[in-house]
Amino acid sequence: MRKHILKAVPPFPSLKSQPNSRGAFTVTEYTAILRKSKRLRSVMYADWGVGKKAWIRSEYHHMPVEMNWLIRFMVYTFVRPGDIRQLKNKHIEIIQGAYNYLRLNLPEVKRHKAATVSLPPAVNIFKNLWAYQKARGYGKSEDYVFFPEEKNRRLVLDIVGWSFNWILKELGIKAGPHGTDRSLYSLRHTAITFRLIYGGNIDLLTLARNARTSVEMIDKFYASTLSAEMNIALLHGKRR
């Protein structure tokens, strides 16, 4: 059409695709993941497969100490895996008063740049992690929160993703109930799903803004796996 060969663009059929939800973890699975991340700290990974070489550096052949903190931090802050590699101490402010939480001023992602807030447990998780990093000579404002010693920040996601997959495979829950392959991103899905189920009468707009996404995305991808029975208390509730 630009070259004036056609007078108009011909109509194309609309294509519909089924949303591919990454699948959240249940409370039981999430608890098992936390326990396994602690138990594997002193274990060296050796199951590389026949003829395959270890591609992760030797210092990461043991489960990183930070993994347990990282897993819980993601669930209590709603951050994406991509946020983990660029999150610095200067991006986090501890707020203590009537409400205890972390204020996260994360770098802009997907046109979202407003500050977000965490759930209360994230405060102690960050304090413990911060103390651990200070003991290792890090913890300064410009230092990264997770794996500050790693200068190649793209490699951080590989390390974390590989370690998390190790945990899932040990537990036999790498694939979800419907066969969906689960990954580190499933922790964000879990965080949002837990709020939808256990967050009282939280509205989708508030949740979407704090998770730096849209109501449409929550309804399409995150809430799509919820059943009516999960929110039976709301369905059976009465006005007062």
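Me: What does it take for a residue to count as buried or exposed?

Reply: Buried means under 20% relative accessible area, exposed means over 50%, and partly exposed lies in between, with a 1.4 Å probe and protein chains only. Here, 41% of the protein's 240 residues count as buried. Please keep in mind that this is a predicted model, in which local features need pLDDT of at least 70 and side-chain atom pairs count only at pLDDT 80 or more, while totals for chains, interfaces and linings use all residues. Residues are numbered from 1 along each chain as its sequence is written, and side-chain values use heavy atoms, with hydrogens and water left out.

Me: How many helices and strands should I look for?

Reply: Helices (H or I, at least four residues) and strands (E, at least two) are DSSP runs, numbered from the N terminus. In this protein there are nine helices and three strands, and along the sequence they follow the pattern α-α-α-β-β-β-α-α-α-α-α-α.

Me: Let's take α1. Which of its residues are buried?

Reply: A general idea helps here: an α-helix has 3.6 residues a turn, so residues three or four places apart point the same way. In α1, the buried residues are E29, Y30, I33, L34, K36 and S37. Seen down the helix axis, they fall within an arc of 165° (taken from the directions from the axis to the C-beta atoms), so they line one face of α1. On the other side, T28, R35 and R39 are exposed.

Me: What covers the buried residues of α1?

Reply: Contact means heavy atoms within 4.5 Å. The cover includes α2 (66–77), α5 (153–171) and α6 (185–198).

Me: At what angle do α2 and α5 pack?

Reply: Axes are lines fitted to C-alpha atoms, for helices over the stretch in contact, and angles run from 0 to 180 degrees between N-to-C directions. For α2 and α5 the angle is about 90°, and their axes are 11 Å apart. That makes α2 roughly perpendicular to α5 (65 to 115 degrees; under 35 is roughly parallel, over 145 roughly antiparallel, the rest oblique). M67, L70 and I71 of α2 make the contact with V160, S163, F164 and I167 of α5.

Me: Is F194 buried or exposed, and which residues does it touch?

Reply: F194, in helix α6, is buried, with a relative accessible area of 13%. Leaving aside residues up to four places away in sequence, F194 touches F25, T26, V27, Y30, V75 and G199. F194 and V27 are 167 residues apart in sequence, yet 8.5 Å apart in space, C-alpha to C-alpha.
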